[in-house]
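The exercises below are meant to be worked through with the sequence and the 3D view side by side. Please try each task before reading its solution.

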Amino acid sequence: MIDAINVRKDFPILSATVHGKPLIYLDNAATTQKPECVIQTIDELYRTSNANIHRGVHFLSEQCTQKYETARETVRKFINAEKTSEIVFTAGTTSSINLVAASFGERFVASGDEIIISEMEHHSNIVSWQLLCERKGARLKVIPFDDNGILLINLLDSLITERTKIIAVTHASNVLGTINPVKEIIAKAHSHNIPVLIDGAQAAPHGNVDVRDLDCDFYAFSGHKIYAPTGIGVLYGKEKLLEQMPPYQGGGDMISTVTFDKTTYAQLPLKFEAGTQNFIDAIALGSAIDYINKTGRQNIVEYEQKLLGYATQKLSEIDGLKIYGKADQKVAIVSFLLNDIHHLDTGMILDKTGIAVRTGTLCTEPLLSHFNIRGLVRASFSFYNTFDEIDILCENLKKISLMFK
Ligand code: PLP
């Protein structure tokens with residue numbers, strides 16, 4: 001079992017005060033805080049090892065290249081991919097999805113084709129596909145969810161046609177917390193020979209991800225949501241698909257030979273890594289994953305599920321508080337509204353008490369439209385949060401409720 005009090009010592013920012021109050025950071029679905037080891041990795045690299053990768057024969061360049069490729073191997077193991085050639089470093093989930101929409105779309109999507117997403121997607125897994133649809137004259141179709149926030153995957157059969165070229169769904173909703181039955185969706189899609197992209201931005205921080213067990217064709221996630229720096233992320237893609245896809249961007253590192261007549265491209269994964277990569281943060285992502293592994297992924301899952309259960313129960317006891325997202329299988333995210341108090345008012349008053357929650361559309365306007373609301377308050381938890389912090393959140397919500405009576 002995780003000892004959060006001890007774990008917190010690894011995260012320097014968690015001892016900060018905000019408006020004179022101890023920081024209670026419950027905005028982990030937006031970005032997680034960074035442990036000392038990740039901060040140290042970055043500091044040390046810039047002090048001792050910084051040199052551009054893949055290009056130099058000199059000592060520092062070779063050392064950085066080796067660390068970068070070691071980080072790729074760490075990521076491969078983290079999601080149980082078969083080969084490092086299937087691990088492309090990107091700037092984050094959004095970049096990964098855009099890469100697939102652009103490159104897979106260029107190769108495989110034509111006018112009249114269809115792409116299926118779900119009603120609970122983050123904007124990055126909507127707009128990237130809409131851009132492709134606009135370019136190609138393709139059509140977006142949507143798997144709806146019910147009022148508990150559960151995807152109606154029994155409707156998938158009626159959405160799939162011979163024109164369906166890809167299905168892109170989120171593993172876990174950043175608002176409802178719902179963990180979707182992606183393995184089932186993938187199996188169904190594959191029975192029609194349709195590849196599937198999984199948006200893992202909210203699943204990678206909270207559980208074990210096994211891309212081979214899922215049998216997904218693409219899996220995207222962000223480093224900054226799993227205790228690594230911003231600006232680094234991952235696209236996993238099955239080799240046989242990545243091989244068939246054209247480069248996304250042109251530039252240094254992604255080529256084999258260049259002449260004015262013809263350019264040939266580098267082997268995977270470098271074909272998709274044009275220009276100087278964010279190698280320092282990729283190496284720091286490796287450190288973050290080492291830290292997660294050391295803490296124990298199963299320990300993290302169990303502790304966060306306890307936090308989720310406790311928060312759901314305590315929040316449900318508050319008069320006039322409505323939780324959005326009531327699936328049985330959830331990651332540690334609870335979104336809610338308090339009576340008819342505006343979400344921004346709730347968030348701003350909580351901030352004055354040192355509590356950081358997210359408010360607004362949460363980059364999911366179509367999801368909010370389902371409930372006919374304009375915004376939500378979201379508390380999202382990490383294994384460094386405590387049960388006491390949840391109590392303080394609830395006490396303050398009760399006070400806010402009284403203030404608006
Ligand atoms: N998908 C989901 C489910 C998310 O929660 C987020 C970010 O909150 C994203 C995609 C986009 O991630 P990023 O902004 O790191 O690219």
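**Exercise 1. Over the ring of which residue does the charged end of R297 sit?**

Solution. The model is a predicted one, in which local features need pLDDT of at least 70, side-chain atom pairs count only at pLDDT 80 or more, and totals for chains, interfaces and linings use all residues. Residues are numbered from 1 along each chain as its sequence is written, and side-chain values use heavy atoms, with hydrogens and water left out. The ring is that of F78, and the charged end of R297 lies 3.8 Å from its centre. A charge counts as sitting over a ring if NZ of Lys or CZ of Arg is within 6 Å of the ring centre and within 35 degrees of the ring normal.

**Exercise 2. In what order do the strands of the open sheet with β13 stand, and which helices pack on the sheet?**

Solution. Begin with the terms: strands (E, at least two residues) and helices (H or I, at least four) are DSSP runs numbered from the N terminus, and two strands pair if DSSP finds at least two bridges between them.

Step 1. The sheet is made of 4 strands in the order β13-β14-β17-β16, with antiparallel pairing. Because β13 (321-324) and β16 (358-360) stand at the edges with a single partner strand each, one side of each has no neighbour in the sheet. On average, neighbouring strands are turned by 30° against each other, direction ignored.

Step 2. Strand β16 is joined to β17 (residues 376-380) by 3 bridges, and within β17 it is R378 that serves as the bridge partner of R358.

Step 3. Helix α11 (residues 297-316) packs on the sheet by touching β13 and β14 (333-338), and its direction makes about 10° with that of β14. Helix α14 (residues 387-403) also packs on the sheet, where it touches β13, β14 and β17, at about 15° to the direction of β14. Contact means heavy atoms within 4.5 Å, while axes are lines fitted to C-alpha atoms, for helices over the stretch in contact, with angles from 0 to 180 degrees between N-to-C directions.

**Exercise 3. Which parts of the chain are tied together by the aromatic pair of F11 and Y384?**

Solution. Rings of Phe, Tyr and Trp (its six-membered ring) pair if their centres lie within 6.5 Å, and planes under 30 degrees apart count as stacked, over 60 as edge-to-face and the rest as tilted.

Step 1. The structure holds 17 aromatic pairs. The centres of the F11 and Y384 rings are 4.7 Å apart and their planes stand at 65°, so this pair is edge-to-face.

Step 2. F11 belongs to the loop between α1 (4-8) and β1 (17-18), and Y384 to the loop between β17 and α14, so the pair ties together parts that are 373 residues apart in sequence. Both F11 and Y384 are buried, where buried means under 20% relative accessible area, exposed over 50% and partly exposed in between (1.4 Å probe, protein chains only).

Step 3. Ring pairs also link F11 and Y384 with Y227, Y291 and F383 into a cluster.

**Exercise 4. Are K238 and D217 buried or exposed, and how accessible are D43 and R47?**

Solution. Side chains of opposite charge can pair when their charged atoms come close. A salt bridge is a side-chain nitrogen of Lys or Arg within 4 Å of a carboxyl oxygen of Asp or Glu, and the structure holds 19 of them.

Step 1. In the salt bridge of K238 with D217, the closest N and O atoms are 3.4 Å apart. K238 lies in the loop between β10 (233-237) and α9 (239-244), and D217 in the loop between α8 (211-214) and β9 (218-222), so the pair ties together parts 21 residues apart in sequence. K238 and D217 are both buried.

Step 2. For the salt bridge of D43 with R47, the closest N and O atoms are 2.7 Å apart. Both residues lie in helix α2 (residues 36-49), 4 residues apart, which is about one turn of the helix. D43 counts as partly exposed at 37% relative accessibility, whereas R47, at 65%, counts as exposed.
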